[in-house]
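Reader: Hello! I have a model open in my viewer and would love to talk through how its pieces fit together. Could you walk me through it?

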Amino acid sequence: MGVMNNNLQTNGKSDLLVVKDLVKYFPVRGGILQRTVAQVQAVDRVSFSVKRGETLGLVGESGCGKTTVGRSILRLIEPTSGQVSFNGQDILQMKPKTLKALRRDMQIIFQDPYASLNPRMPIGESVMEGLQIHNIGRPKERWEVVINMLKKVGLEEYHARRYPHEFSGGQRQRIGIARALALNPKFIVCDEPVSALDVSIQSQVLNILKDLQNEFGLTYLFIAHNLSVVEHISDRVGVMYLGKMVEIAGRDALYREPLHPYTKALLSAIPVPHPNVKRERTILKGDVPSPLNPPKGCRFHTRCPIAVEKCSFEEPEFLEKRPGHWVACWLAD
């Protein structure tokens, strides 16, 4: 499976991030000597690219490996193998000192904003922490950056002296966004940044992310399981199942005419906002197999409504079936 569009330019935009055959296995240890007795195949040979200034949505069921992909790209967890190229530099081969400098350009917004903030530290100091670590500016200049970032996400200067427990969930997520922006990054992994928020607050946070992207030219990898949210914010969408990428396409093409049966099943579950209109549901049978022992062949064949014998023993290649539309399925149109 080769990396997609490695040198391709779309609408004058080149690749900022290229991920090729990314693998992350977690060892399962047992016995008195705690030897490795099995491997959890969280991410298995995932490839994709992200253009400068675009948002790539990454969707799939819980446990499919979305968050592991995002954290492996940033080396918050070390990948087992593969290549991650950011702005032409191979991240996985970098030494700690070089990687630390690169972290200014690559940030993350965590799913749980409360767990990612120090409860004993005023939020102004939390936002400033990255500036201190990278030794950027003098104390007064750092404080000005903090206040500016808080105002960008809809907070005020007096909020900087308050503690995380004094804020609502939506406000804490805004603080997380401000902290990610403080170092003026090029690329941000948004790890389910609105999944724990009320619907009304979700729209506010999504609009903030889009406005900041337009203002600062940011590039996002937007991880989520809510397909409506992904449709709202993404330019392209990738679909994962049990550690594998099964489909990637432009947002409109994927939502209008998905090619993979798993994507079709996910999209059929989106509610239609009209009382008299009903979407034809595709109900998947059975449970998601264990990543400890994934099925041979296509990993989706045990639940696929159109699977044939070939699907059970031969893994489909990830191929471009239509311009910009990649899918791993033997029966895709």
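Reader: Let me start in the sheet: which residue in β2 is the bridge partner of Leu17?

Author: Happy to help, and keep in mind that this is a predicted model. Leu17 lies in β1, which covers residues 15–30, and this strand pairs with β2, residues 35–51, in the antiparallel sense. Farther along the pair, Leu22 stands opposite Val46. For Leu17, the bridge partner in β2 is Val50.

Reader: Thanks! What do β1 and β2 form, and which residue in the turn has a positive phi?

Author: The two strands pair over twelve bridges. Four residues sit between them, and together the strands form a hairpin. In its turn, a positive phi of about 85° belongs to Gly31.

Reader: Which strands are at the edge of the sheet?

Author: Strands of a sheet pair through backbone hydrogen bonds, either parallel or antiparallel. Here the pairing is antiparallel, and four strands form an open sheet in the order β2-β1-β4-β5. An edge strand pairs on one side only, and this holds for β2 and β5.

Reader: Now the helices. Is α1 mostly covered or not, and how many of its residues are buried?

Author: Helix α1, residues 66–73, lies across β1, β2 and β4, and runs at about 110° to β1. Its buried residues are Lys66, Thr68, Val69, Gly70, Ser72 and Ile73, where buried means under 20% relative accessible area. Just after this helix, Arg75 takes a positive phi of about 60°. So by that cut-off, α1 is mostly covered, and the buried count among its eight residues is six.

Reader: And how are α3 and α4 oriented to each other?

Author: The axes of α3 (residues 123–133) and α4 (residues 139–152) come within 9 Å and cross at roughly 120°. Angles of 65 to 115 degrees count as roughly perpendicular, and those over 145 as roughly antiparallel. The crossing is right-handed. The angle falls in neither range, and therefore the two helices are oblique.

Reader: Last one: which residues in α4 meet α3?

Author: From α3, the contact involves Ile123, Gly124, Val127, Met128, Leu131 and Gln132. By class, the contact of the two helices has eight nonpolar, two polar and one charged residues. On the α4 side, the residues are Arg142, Trp143, Val145, Val146 and Leu150.

How values were computed:
Residues are numbered from 1 along each chain as its sequence is written. This is a predicted model: local features need pLDDT of at least 70, side-chain atom pairs count only at pLDDT 80 or more; totals for chains, interfaces and linings use all residues. Side-chain values use heavy atoms; hydrogens and water are left out. Axes are lines fitted to C-alpha atoms, for helices over the stretch in contact, and angles run from 0 to 180 degrees between N-to-C directions. Angles under 35 degrees count as roughly parallel, over 145 as roughly antiparallel, 65 to 115 as roughly perpendicular and the rest as oblique. A crossing is left-handed if the near helix is turned anticlockwise from the far one by less than a right angle, and right-handed if clockwise. Contact means heavy atoms within 4.5 Å. Ala, Val, Leu, Ile, Met, Phe, Trp, Tyr, Cys and Pro count as nonpolar, Asp, Glu, Lys and Arg as charged, and the others, Gly among them, as polar. Two strands pair if DSSP finds at least two bridges between them. Buried means under 20% relative accessible area, exposed over 50%, partly exposed in between (1.4 Å probe, protein chains only).
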